[in-house]
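Here are a few numbered points to read alongside the sequence and the structure. Please keep the view open and find each residue as it is named.

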Amino acid sequence: MFLFVFGLGRMATTAENFSQFDISEEEKDKLIAEVIRYVLFRNHQNAGCPIKRDELTQLVTKNYRQRSLPAFVINEARSKLASIFGYEMRELQRSRPLSTNQGRSTQQNVADAKSYVIISQLPANVHTKYVENVNASHLNGFTFAVISIVHLAGGKIAEENLWHHLRRLGLFESNENHPALGSIKQALEALVQQRYLQKDKVSGPEGNTLIYELAERALDNTISKGVKEYISQVQFVTKKSIIWRSSVFYV
């Protein structure tokens with residue numbers, strides 16, 4: 001009963017909000033559908049890179065000039081993506097680097113800070129069985145490894161130190177033809193574009209140093225919690241292995 005009343009309340013609120021725009025119901029639905037198509041296409045085309053809010057706004061303002069219409073259409077598109085497709089269209093908003101150290105300059109333009117990423121709302125087992133692309137598992141593994149390294153370094157790490165750890169995994173910056181990842185440098189840069197990492201330049205007495213930090217998507221509670229759990233499991237298994245080896249040695 002509560003859900004029914006809540007649904008009616010939301011429909012009434014939506015109708016009231018829509019009534020301020022001088023467009024037909026058909027035009028409204030067409031705009032919402034256009035935004036949804038664009039979001040799904042761009043998410044697939046750009047391998048999950050954030051979609052700028054300005055891009056979605058331009059879809060609406062190219063034919064309509066009502067000031068509040070883009071926000072209304074985008075919010076309705078987000079609602080339908082969740083209810084119909086099972087996707088959360090989550091807003092990422094950054095206006096400054098994660099660190100506030102002096103001498104730091106972010107490579108992300110502040111004007112590009114507001115954007116969206118698409119996140120599945122399906123249960124993990126359902127997503128793994130029906131949606132997850134097994135051909136992209138190597139990319140997921142690479143992402144997890146890099147995020148874990150940066151996490152263990154305290155959330156940020158110098159570029160050379162990051163490459164030091166990656167080289168220990170057999171991933172070299174000079175490798176342009178890795179059998180699974182192709183160019184390792186480009187694979188790392190993709191994590192910056194997808195907002196798992198933030199890359200900044202820090203000025204010091206010995207010149208400029210590139211620093212990688214965990215960005216919005218890596219700091220998301222779901223991902224952050226998963227990384228911490230996996231690291232704890234690895235540490236637990238490693239500790240058990242060391243204890244077992246020690247007991248064998250002293251027998």
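**Notes on strands, core and pocket**

1. In this predicted model, a good place to begin is the hairpin in which two residues connect β6 to β7. These strands run antiparallel and are joined by eight bridges, with β6 covering residues 197–204, and G204 has G207 of β7 as its bridge partner.

2. Strand β7 also pairs with β5, residues 156–158, again in an antiparallel arrangement, here through three bridges. Within this pairing, I157 is found opposite Y212 of β7.

3. Both I157 and Y212 return in the surroundings of L162, which, if neighbours within four places in sequence are set aside, contacts V146, I149, V150, I157, L188 and Y212.

4. L162 belongs to the largest nonpolar core, a group of 23 residues in which F142, V146, L162, L188 and L197 touch the most other members. At least two residues of this core come from each of α6 (137–152), α7 (159–168), α8 (184–193), β7 (207–214) and α10 (221–250). Another core, lying apart from this one, has 21 residues, including F21, L56, V60 and A77.

5. Which residues lie closest to the centre of the largest pocket? This pocket holds about 1900 Å³ of space, and of its 44 lining residues the closest to the centre are H127, E132, N140, Y196 and R217.

6. Helix α6 gives the largest share of that lining, namely seven residues, while α8 and α10 are among the other elements that supply two or more. Sorted by class, the lining consists of 24 nonpolar, 14 polar and six charged residues.

Technical notes
Residues are numbered from 1 along each chain as its sequence is written. This is a predicted model: local features need pLDDT of at least 70, side-chain atom pairs count only at pLDDT 80 or more; totals for chains, interfaces and linings use all residues. Side-chain values use heavy atoms; hydrogens and water are left out. A nonpolar core is a set of buried Ala, Val, Leu, Ile, Met, Phe, Trp, Tyr and Cys residues joined through side-chain atoms within 4.5 Å. Buried means under 20% relative accessible area, exposed over 50%, partly exposed in between (1.4 Å probe, protein chains only). Helices (H or I, at least four residues) and strands (E, at least two) are DSSP runs, numbered from the N terminus. Contact means heavy atoms within 4.5 Å. Two strands pair if DSSP finds at least two bridges between them. On a 1 Å grid over the protein atoms alone, a cavity is a set of points where a 1.4 Å probe fits but cannot get out, and a pocket is an open set with protein on both sides within 12 Å along at least five of seven lines; lining residues have an atom within 4 Å of a point. Grid points are joined across faces, edges and corners, and a volume is the space filled by probe spheres set on the points. Ala, Val, Leu, Ile, Met, Phe, Trp, Tyr, Cys and Pro count as nonpolar, Asp, Glu, Lys and Arg as charged, and the others, Gly among them, as polar.
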